[in-house]
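This report walks through one protein chain, starting from a single pair of charged side chains and working outward. Please look over the sequence and the structure before reading on.

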Amino acid sequence: MTYIIAMLRFLSWALTLTFIFAVTGALGVLSILYYFGRGLPDYEQLAQYEPPVVSRFYASDGRLFAEYATQKRVFVPIEAIPKRVIQTFLAAEDKNFFEHSGLDFFGIMRAAIINLSHMGTKKRPKGASTITQQVAKNLLLSSISTEASYERKIKEAILAFRIETALSKNRILEIYLNEIFLGSGSYGVAAAALNYFNKSLDELSIAEAAFLAALPKAPSKYNPKHNYEAAKARRDWVITRMYEERVITREEALEAKNTPIELKKRDPARVIKADYFAEEVRRQLIAKYGESTLYQGGLTIRTTVDPRLQKIADWALRKGLITYDRRHGWRGPYLHIEGKDITKETWLEKLKEIPIPPGVEPWELALVLKVTDKAATIGLKSGEEGTLPLSELSWARQHVPITTEAARASEVFVGPPISHPKEVLSEGDVILVEAVAGNKNVYSLQQIPAVSGAFIAMDPHTGRVLAMSGGFSFEASQFNRVSQALRQPGSSIKPFVYLAAMERGFSPATIVSDSPISIAMGYGLGIYAPKNVTSNYYGRVPLRIGLQKSLNMMTIRLVHEYVGMKPVAKMIEKFGIMDHVPMQLAMALGAGETTLMRMATAYAMLANGGKRLTPTLIDRIQDRYGKTLFTADARTCQNCKDVLWKNQQPPLIIDHREQLADPRSIYQVTSMCEGSVRAGSARRAQVLKRIVAYKTGTTNGEKDAWTFGYTPDLVVGTYIGCDSPRPLGHMEGGSRVALPTTIDFFEKALKDVPNKPFKMPSGMKLVRMREMTGQPAQGGGPGIIYETLKDKQGLVASSYSFEERYESQESNREAFSEPSLFHRPYEGIPVQDIRSQQPSAVTGTGGLY
């Protein structure tokens, strides 16, 4: 009995102590959980977690051409990730993922035993983190320190338990596979598959999937570019784990292990180059949605760029800039190395130390090693030697600065012809060269143009920008001269001046005098006396001649004596060229400032018959889930959705765009611009042998050269000038500098495209006319054309009545903001007689030709 009582007492004490220890342990665990669980991030936010995803720009043909991201990641839903990829990562990182509740206790015990055996050593403690713990660490805890501290592990464990209660296993795995950093700027398995192997996830082989699964441990350590053996060993270990987990067969494992790690760059044929275009889209998106949405929102942007036309535009602009630059001679070598430093043993080392200028590819840096009577021997960074023959140096005549009086007064911008390579090069010169196609080791001398420019191509029906080149090189200058450079358009603005006249009843056959004109600017302001580009005066000729030949004096007389500046200003503003046009006559010759983008859009509205356009570089924007955020096509189509196709007629989509001017007036202007090719400032474009309308433009002092050309379906424009405006040279205007660039573009862009005439609106007629006189003609022959007239217009040598001219000048008086422009001292003096007054320095501002 005593024994039984003693046993009961012992059991009572044991149970009491067990209870006390259990309560104490539970309180200790709760205290630890409370202590370490305080202030932990809200794990429930993972339910709405959206990882930062790369935004991608696609061309009109679906090809990728730009990506923007803080973390280069392509989000892939768990349902779209191949099963084998999932199994590979589970085999390498967490084989019990679907069994545990956030912690792998067997793994923890195994890691504890290993860490105890490593006590006293410098070996890093081994972890046993599950995928859930890694999600907690990467997304909810700071990972600044790489130390495997037990405090951090406790916090990871607490968060892992919480995450497991809040999210499904598939959601946790989805977050992990899209969030994990895998080196080389790749976040997530999809981005890594593209960056390492140029493949989508479903295209990965066993060996490639195993390599990706080997990276989370230490992406830099297992980079095969720097440590191939370690990378292969780690990958082979993953393949072994796949075999052990029965993900693959033994034969598949052996084959995968025998496969070398071969990294592949993205196929350049699938990626287009459109840097200026991409940067313009980027700036627009940031202005519209903000930086975080662009760099983290995973936007899909379908742009308007046409890869074929973009390539042609870049080529044509570079060719035009180089051609102009060569016409002005050789400015000297890029650098010079003293001859004593050039030896057979040291020249290559010296050359490799010199960085290549940005944006000159495919040109190369070369060092002149020897100069003979017929050629120069050069050394390249590759160690090879090449030859610069005298024939490739013929353009490199001495440069004569345009600021000198000699260059201003003549067309000679260069020194005498080259007869010997020593007149251009010396031993030790560091120069830019380009390999001559078809001639091995033969090179041509190159020079970075001192002039800049821009080019744009646009669809006149939609306003879609098809190509945009904002300069010689984006790498050298990110300044986009298409949209950011404000320049005077010169005579390229004249079609809109003449359009204002057509809208007021004038026709291309209306006679206006092209003769010297001087206009009183007001008391103390002198005389405004514009000049033509040449000393020729055509006298009384039709307006067609004035626009075709870009006659300044006729244009100013048309505005000042007949149309008035106010209608011209309104027309320029209506077509979006400038927001506010000062009431000054020089504005009619392009003295205001605008951009190439605005001018090209205005010409596009001429090409489409006067429908208002908004230029767009973006067709559609979608978020990461495919929801459309923006579409450029704002037209509505009622009863178009979910309609079964039964061979019925397509729906009629009504065009609600504003009509800016009478289509007949616009057709008359287009007809005159066509005449510029036949017998005007754009005669060089006759080589195209197709229907095209053209207008060139040049500003005072030949500082800016412009050309715009359009067909019914394509509008192009180019601007060439210096970033800090200075003269391009005598007669270096739009016809000579800018026009050839557009011709080069059209020749390639319109190859195999049928010739298409401009559509003549109803209410018009074609009448035979003598082009230079505006008189009716019979039959054909030189100088006889079909003139475009509105139904009620006739071929009368129009001279406006005194009353009509008076009304026009009264319109001018009301339009001008400065009352001194028509000051009393000149009141009543005929315009022709004002020329007898003493002229001032004001001799013309604005366009020439």
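In this predicted model, the side chains of Asp744 and Lys319 meet in a salt bridge, with 3.4 Å from N to O. Asp744 belongs to helix 22 and Lys319 to helix 13 (residues 307-327), so the pair ties together parts that are 425 residues apart in sequence. The two partners can be placed by their relative accessible area. Asp744 has 12% and is buried. Lys319 has 37% and counts as partly exposed.

A second pair is formed by Glu787 and Arg544, whose side chains meet in a salt bridge of 2.6 Å, N to O. Glu787 sits in strand 24 (residues 784-790) and Arg544 in helix 17 (residues 543-548), so this pair ties together parts that are 243 residues apart in sequence. Are Glu787 and Arg544 buried or exposed? Both residues are buried. Elsewhere, salt bridges with shared partners join Arg56, Glu67 and Lys72 into one network.

A third pair lies within one helix. The side chains of Glu244 and Arg241 meet in a salt bridge of 2.7 Å, N to O. Glu244 and Arg241 are three residues apart in helix 9, which means that about one helical turn separates them. An α-helix has 3.6 residues a turn, so residues three or four places apart point the same way. Glu244 is partly exposed, because its relative accessible area is 47%, whereas Arg241 is buried at 12%.

The three pairs are set out below. In total, the structure holds 30 salt bridges.

| Salt bridge | N to O distance |
|---|---|
| Asp744 and Lys319 | 3.4 Å |
| Glu787 and Arg544 | 2.6 Å |
| Glu244 and Arg241 | 2.7 Å |

**Helix 9**

Helix 9 covers residues 228-244, which makes 17 residues. From its first C-alpha to its last, helix 9 reaches 24 Å, close to the 24 Å expected at 1.5 Å a residue. After helix 9 comes Arg246, with a positive phi near 60°.

Several residues of helix 9 are buried, among them Ala230, Ala231, Arg234, Val238, Ile239 and Met242. Against which helices do the buried residues of helix 9 pack? They pack against helix 2 (83-93), helix 8 (206-214) and helix 10 (250-257).

Val238, which lies in helix 9, can serve as an example. Its relative accessibility is 0%, so Val238 counts as buried. Leaving out residues up to four places away in sequence, Val238 touches Thr88, Ala92, Ala210, Ala213 and Ala214. The C-alpha atoms of Val238 and Ala213 are separated by 7.2 Å, although these residues are 25 residues apart along the chain.

**Nonpolar cores**

In soluble globular proteins, nonpolar side chains tend to be buried together. The largest nonpolar core of this model has 92 residues. The members that touch the most other members are Phe57, Phe65, Phe277, Leu558, Phe575, Leu606 and Tyr710. Helix 20 (residues 596-607) supplies the largest share of this core, ten residues. There is also a second, separate core of 51 residues, which includes Leu90, Leu173, Leu204 and Ala214.

Phe57 shows what one such member touches. Apart from neighbours within four places in sequence, the contacts of Phe57 include Phe65, Ala66, Tyr68, Ala278, Val281, Leu285, Leu294 and Ile301. Arg63, Arg282 and Thr303 are also among the contacts of Phe57.

**A nonpolar patch on the surface**

Nonpolar side chains are found on the surface too: Met760, Leu766 and Tyr786 form a patch there, with about 280 Å² of accessible area together. Met760 is in the loop between helix 22 (734-749) and strand 23 (764-770). With a relative accessibility of 31%, Met760 counts as partly exposed because the range for that class runs from 20% to 50%.

**The chain as a whole**

The protein chain contains 24 helices and 24 strands. Of its 849 residues, 49% are buried. The chain exposes about 41400 Å², and carbon and sulfur atoms supply 54% of that area. Among contacts between residues at least 6 apart in sequence, 72% join residues at least 24 apart. The pair of Asp744 and Lys319, 425 residues apart in sequence, joins distant parts of the sequence through a salt bridge.

Definitions and conventions: Residues are numbered from 1 along each chain as its sequence is written. This is a predicted model: local features need pLDDT of at least 70, side-chain atom pairs count only at pLDDT 80 or more; totals for chains, interfaces and linings use all residues. Side-chain values use heavy atoms; hydrogens and water are left out. Helices (H or I, at least four residues) and strands (E, at least two) are DSSP runs, numbered from the N terminus. The expected span of a helix is 1.5 Å times one less than its number of residues. Buried means under 20% relative accessible area, exposed over 50%, partly exposed in between (1.4 Å probe, protein chains only). Contact means heavy atoms within 4.5 Å. A nonpolar core is a set of buried Ala, Val, Leu, Ile, Met, Phe, Trp, Tyr and Cys residues joined through side-chain atoms within 4.5 Å. Patches are made of residues with over 30% relative accessible area and no salt bridge: like charges are joined within 9 Å, nonpolar side chains (Val, Leu, Ile, Met, Phe, Trp, Tyr) within 5 Å. Accessible areas come from the Shrake-Rupley method with a 1.4 Å probe; for residues, only the protein chains shown count as cover. A salt bridge is a side-chain nitrogen of Lys or Arg within 4 Å of a carboxyl oxygen of Asp or Glu.
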